[in-house]
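Dear colleague,

Please find below the structure that I am handing over to you, together with its sequence. My findings follow it, and I would be grateful if you read them with the model open.

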Amino acid sequence: MLKITLMRFYPLQFEPILKERIWGGTKLKTLLNKPITSEITGESWEISTVENDVSVVANGAFTGKTLNELIDLYPAEILGKKVYARFGKQFPLLFKYLDAREDLSIQLHPNDELAKKRHNSFGKTEMWYVMQADDNARLIVGFKEKSSPEEYLSHLKNKTLLDILDTKQVQSGDVFMLETGTIHAIGAGTVIAEIQQTSDITYRVYDFDRKDANGNTRELHVDLALDALNYDKIEAQRFYDKNENTANAVVDCPYFTTCFIPLKGSAVFSKTNDSFRVLMAVEGDFSLLVNGESYYYKKGSTVLLPAVITDYQLDGQASVLEISIS
């Protein structure tokens, strides 16, 4: 198969991969226009190459092809020169929207070293952008004070773990960066945009003793979590500028760089071809002008710009997350 010309690469959207969760609801449909049919849909995986959950292109000439197939054909063009050199033909990030009708379990994720050793996987560094929060909605992120395995296990055994965990009341626009090993939980009444390493490894340590529709409790991973936990007190919330029509830095870590674009009218961007870009419409609608072609996106849309698309224009009244790899 001959490679297509540079002009043929275009912004890619994918079929959402919808996940029912015991804690899920219906806001992914009512707020983000996702085609859910369940009352307990908790997640929409927007861009994924997790095994058995690989995204399929939903628009344009590549419709029906998987992201892995495209990367196999055009690795540098899709991923970018630096990303391809670093990760080979692996897409290193996973993008999601989450609707927490109820509290998620208290959990944590292993680092790259542990995840590779135990699961042959990447670790799971992630960030949350709060898109919507009910009154008094909160997140659990880390310990209130420096803890220890002994203190942690004692509280876990006595079902008083919440007493030593740090709770943050949140509102739309809040951002939290979760390094691996950070104990955490998304609280009820929040809709979250999540950016993370390509990994589905979670160590669940407490699930509020709840049961599913069949009367079963979910599996816990207390032993695996012990040496994966970071017992230090951490500050996960990130504060950032909101200069209009500019990519304001929010998170810059080895795994991804996220910027916040408050779009009011038009903004023109010129990038290198070192990395792909992902745009997430977290508020409002916008259009994207690429190579003379215009594309329109509603709130809740996620679009992958292949790395060879280096110049583009955004138009509209919207809040957009822009994600790449430095």
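A residue is called buried here when its relative accessible area is under 20%. By that cut-off C259 counts as buried, because its relative accessible area is 11%. C253 is buried as well, with a relative accessible area of 11%. Please bear in mind that this is a predicted model.

The two cysteines lead to the matter of disulfides. A search of the whole structure finds zero of them. Why is C253 not bonded to C259? The closest cysteine sulfur to that of C253 is the one in C259, and it lies 12 Å away, which is too far for a bond.

I turn next to strand β17, which covers residues 277–290. Of its 14 residues, 11 are buried, so that the strand is mostly covered. Its pairings are as follows:

- With β18 (residues 293–297), β17 forms five bridges in the antiparallel sense; L288 is set opposite Y295 there.
- With β19 (residues 302–305), four bridges are found, again antiparallel, and V278 faces L304.
- With β20 (residues 311–324), 11 bridges are found, and the two strands run antiparallel; F286 stands opposite G316.

The hairpin of β17 and β18 has two residues between its strands, and N291 takes a positive phi near 50° in it.

Which residues have the most contacts inside the largest nonpolar core? They are F91, Y129, M280 and L304, in a core of 44 residues. L304 is also the residue of β19 that stands opposite V278. Setting aside neighbours within four places in sequence, M280 is in contact with F95, K96, Y97, A193, I195, S301, T302, S319, V320, L321 and I323. Apart from the largest core there is another, made up of 20 residues, including I106, I140, L161 and I201. In soluble globular proteins, nonpolar side chains tend to be buried together.

Finally, the model contains an open sheet of seven strands, paired antiparallel in the order β1-β2-β5-β12-β7-β10-β14. Its edges are β1 (17–25) and β14 (237–238), each of which pairs on one side only. Within this sheet, β7 (residues 126–133) and β10 (residues 175–178) run antiparallel and are joined by four bridges. M127 has M177 of β10 as its bridge partner.

With kind regards

Note on methods:
Residues numbered from 1 in each chain as written. Predicted model: local features only at pLDDT ≥ 70, side-chain atom pairs only at ≥ 80, totals over all residues. Heavy atoms only, no water. Buried < 20%, exposed > 50% of the residue type's maximum accessible area, 1.4 Å probe, protein only. Pairing = 2+ DSSP bridges. Core = buried A, V, L, I, M, F, W, Y, C linked by side-chain atoms within 4.5 Å. Contact = heavy atoms within 4.5 Å. Disulfide = S-S within 2.5 Å.
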